[in-house]
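Here are my comments for your reading of this entry. Keep the structure open beside them and check each point as you go.

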Amino acid sequence: MPADPQRSVTSKPPRGSGTSAIEVRRSSRRNRTVSAYREGDRTIVLIPARMSEAEEQRWVSVMLDKLAAQESKRVLGDAQLAERADRLSEQYFGGRARPASVRWVTNQNTRWGSCTPSEGSIRLSHRLQGMPEYVVDYVLVHELAHLLVPGHGPRFWRLLEAYPRTERARGYLEGVVAAERLPHLPTAHEE
């Protein structure tokens, strides 16, 4: 039986996706299904060979969001959160922001995170658990930036420009806050 002809295309990911490369593999044996998985820092997206370029772009975006949602459901422990903060500090601040501790807390119901620069401690609200990875990363980067610049002045916001998904993450968090303020609508069984 002859090998299935596949076209494999590697491209740069959408800006701020957190993935270094996306490889699209087309298969003539694949009729309708689309799937994706991570392989190191690369995302592999498997699609039918007959799919148009526009459909491919749409499905790559859908699958990246789906993978991010699956990954965000995995709750990080405090040690993993600290490791993530170290990686983000290295990536966005050249390792200059060095927290002494990074941990989840359950007593922050009106803020997403906090930082005490004099102690080097960062605390993230447990309400972030289960949110997309890029949102948790944004809050970590935000608090790491406070280790370098304490207030929210222009220097602070310039530091945050290094994180490419700042605006998207801020919009997500604003949406969560807005949704919490919506009036409670009764469900069918409450009526």
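The points below go from the whole chain to two helices and one arginine.

1. Start with the status of the model. It is predicted. Please keep that in mind for every point that follows.

2. Next, the overall layout. The protein has five helices and seven strands. Along the sequence, their order is β-β-β-β-α-α-β-β-β-α-α-α. The protein has 191 residues, and 41% of them count as buried.

3. Look at contacts across the sequence. Take the contacts between residues at least 6 apart in sequence: 41% of these join residues at least 24 apart.

4. Now find helix α2, residues 78-93. The helix has 16 residues. From its first C-alpha to its last it reaches 21 Å, close to the 22 Å expected at 1.5 Å a residue. Just after α2 comes G94, with a positive phi near 60°.

5. Which residues of α2 are buried? They are L81, R84, A85, L88, S89, Y92 and F93. Viewed down the axis of α2, the buried residues fall within an arc of 140°, so they line one face of the helix. The face turned away from the buried side carries the exposed residues A79, R87 and Q91. Colour the two sets in your viewer.

6. What do the buried residues of α2 pack against? Two of the partners are strands, β5 (101-105) and β7 (121-125). The others are the helices α3 (133-148) and α4 (154-160).

7. Follow that packing to α3. This helix also has 16 residues. It reaches 23 Å from first C-alpha to last, close to the expected 22 Å. Of its 16 residues, 13 are buried, so α3 is largely enclosed by the rest of the structure.

8. Strand β7 deserves a second look, since R123 sits there. R123 is buried, yet this arginine has no salt bridge. How far away is the nearest side chain of opposite charge? It belongs to E119 and is 5.0 Å away. A salt bridge needs the charged atoms within 4 Å, so the E119 pair does not count as one.

9. R123 does have a polar partner. Its side chain joins that of S121 in a polar contact of 2.7 Å.

10. Finally, list the neighbours of R123. Leave out residues up to four places away in sequence. R123 then touches R103, V105, Q108, W112, G113, S114, C115 and T116. Show these side chains together with S121, the polar partner of R123.

Technical notes: Residues numbered from 1 in each chain as written. Predicted model: local features only at pLDDT ≥ 70, side-chain atom pairs only at ≥ 80, totals over all residues. Heavy atoms only, no water. Helix = DSSP H or I, 4+ residues; strand = E, 2+ residues; numbered from the N terminus. Expected span 1.5 Å × (residues − 1). Buried < 20%, exposed > 50% of the residue type's maximum accessible area, 1.4 Å probe, protein only. Arc of directions from axis to C-beta. Contact = heavy atoms within 4.5 Å. Lys, Arg positive; Asp, Glu negative; His and termini not counted. Polar contact = N/O pair within 3.5 Å; in protein donor to acceptor, adjacent residues only side chain to side chain.
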